[in-house]
Amino acid sequence: MSGEQDVVFYVLSSDGDAEREAFIAKLVNKIHRDNRLCDIRFDEEQARTRFDTQLWQYQPQAFIPHVLGEEVNELAAPIRLWSENIAQPCQDVLLNIHPVFPETFEQYRRTIEVLDQSERLIQMGRERWKTYKAKGFEPVVHKI
């Protein structure tokens, strides 16, 4: 992929799923308002379904158009929720909610990782950080 690419880590001061999911919903709303396309990669179907519901309920006056990845077609919404594998990368923003490194991240202009203070996410996040660095990227960190 040509052009600038960046990797951004958001590190939350909390350690609860609810706070992390609320932050992610807010972040997705901003991505949508900026007219960006976004693929969100989840590690489990339950988390994806819960987030799908959260986006439907997120500020009713600020609807965030989204689809589950399997429903992608030429009329697909700008925000797409995927489980493990992304069949058709949007090539703009990848929001990786999956604990495992996203091997296809170089197909995107921006890759975003959201961590909180839970031991599992911090540990997996460190591994992903090292992998980005090894691939020649200098991730930017925002502490929230």
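This is a short tour of the model, stop by stop, with a suggestion of what to select at each one. Keep in mind that the model is predicted.

**Stop 1: the sheet**

Start by showing the strands alone. You will find an open sheet of seven strands, paired in parallel and ordered β3-β4-β2-β5-β6-β1-β7. Color β3 (66–68) and β7 (140–143) to mark the edges, where each strand pairs on one side only. Ignoring direction, neighbouring strands here are turned by 20° against each other on average.

**Stop 2: strand β1 and its partners**

Now select β1 (6–11). Is β1 enclosed or open to its surroundings? Five of its six residues are buried, so β1 is largely enclosed by the rest of the structure. Next, add β6 (110–115). Six bridges join β1 to this parallel strand. To check the register, pick aspartate 6, whose bridge partner in β6 is arginine 110, and then valine 11, which stands opposite leucine 115 of β6.

Turn to the β7 side of β1. The two strands run parallel and are joined by four bridges. Valine 8 is a good residue to click on here, with valine 140 of β7 opposite.

**Stop 3: helices across the sheet**

Bring back the helices, beginning with α2 (45–57). This helix lies across β2, β3 and β4, and runs at about 155° to β4. Then select helix α3, residues 119–134. It lies across β1, β5, β6 and β7, at about 155° to β6.

**Stop 4: where α1 meets α2**

Add α1 (17–33) and look at its crossing with α2. The two axes come within 10 Å and cross at roughly 55°, so the helices are oblique to each other. The crossing of α1 and α2 is right-handed.

Which side chains should you display at this contact? From α1, show Glu21, Ala22, Ile24, Ala25 and Val28; from α2, show Arg50, Phe51, Gln54 and Leu55.

**Stop 5: the nonpolar cores**

In soluble globular proteins, nonpolar side chains tend to be buried together. To see this here, select Val28, Ile40, Phe51, Ile79, Leu95, Ile112 and Val114, which touch the most other members of the largest nonpolar core, a set of 25 residues. Elements supplying at least two residues each include β2 (38–41), β4 (79–82) and β5 (93–96). Which element gives the most to this core? It is α1, with six residues.

Zoom in on valine 114 and show what surrounds it. Setting aside residues up to four places away in sequence, valine 114 touches Tyr10, Leu12, Arg20, Phe23, Ile24, Leu27, Leu95 and Asn96.

A second core, separate from that one, has 13 residues, among them Val7, Val11, Phe105 and Leu115. You have already seen Val11 and Leu115 opposite each other in β1 and β6.

**Stop 6: two residues with positive phi**

Finish in the loops. Select asparagine 35, between α1 and β2. Its phi is positive, about 60°, although this residue is not a glycine. Is asparagine 35 buried or exposed? Its relative accessible area is 71%, and because the cut-off for exposed is over 50%, asparagine 35 counts as exposed.

Then move to glutamine 91, in the loop between β4 and β5. Here too a residue other than glycine has a positive phi, near 70°. With 40% relative accessibility, glutamine 91 counts as partly exposed.

Technical notes: Residues numbered from 1 in each chain as written. Predicted model: local features only at pLDDT ≥ 70, side-chain atom pairs only at ≥ 80, totals over all residues. Heavy atoms only, no water. Core = buried A, V, L, I, M, F, W, Y, C linked by side-chain atoms within 4.5 Å. Buried < 20%, exposed > 50% of the residue type's maximum accessible area, 1.4 Å probe, protein only. Contact = heavy atoms within 4.5 Å. Pairing = 2+ DSSP bridges. Axes fitted to C-alpha atoms, helices over the stretch in contact; angles between N-to-C directions. Parallel < 35°, antiparallel > 145°, perpendicular 65-115°, else oblique. Left-handed = near helix turned anticlockwise from the far one by under 90°.
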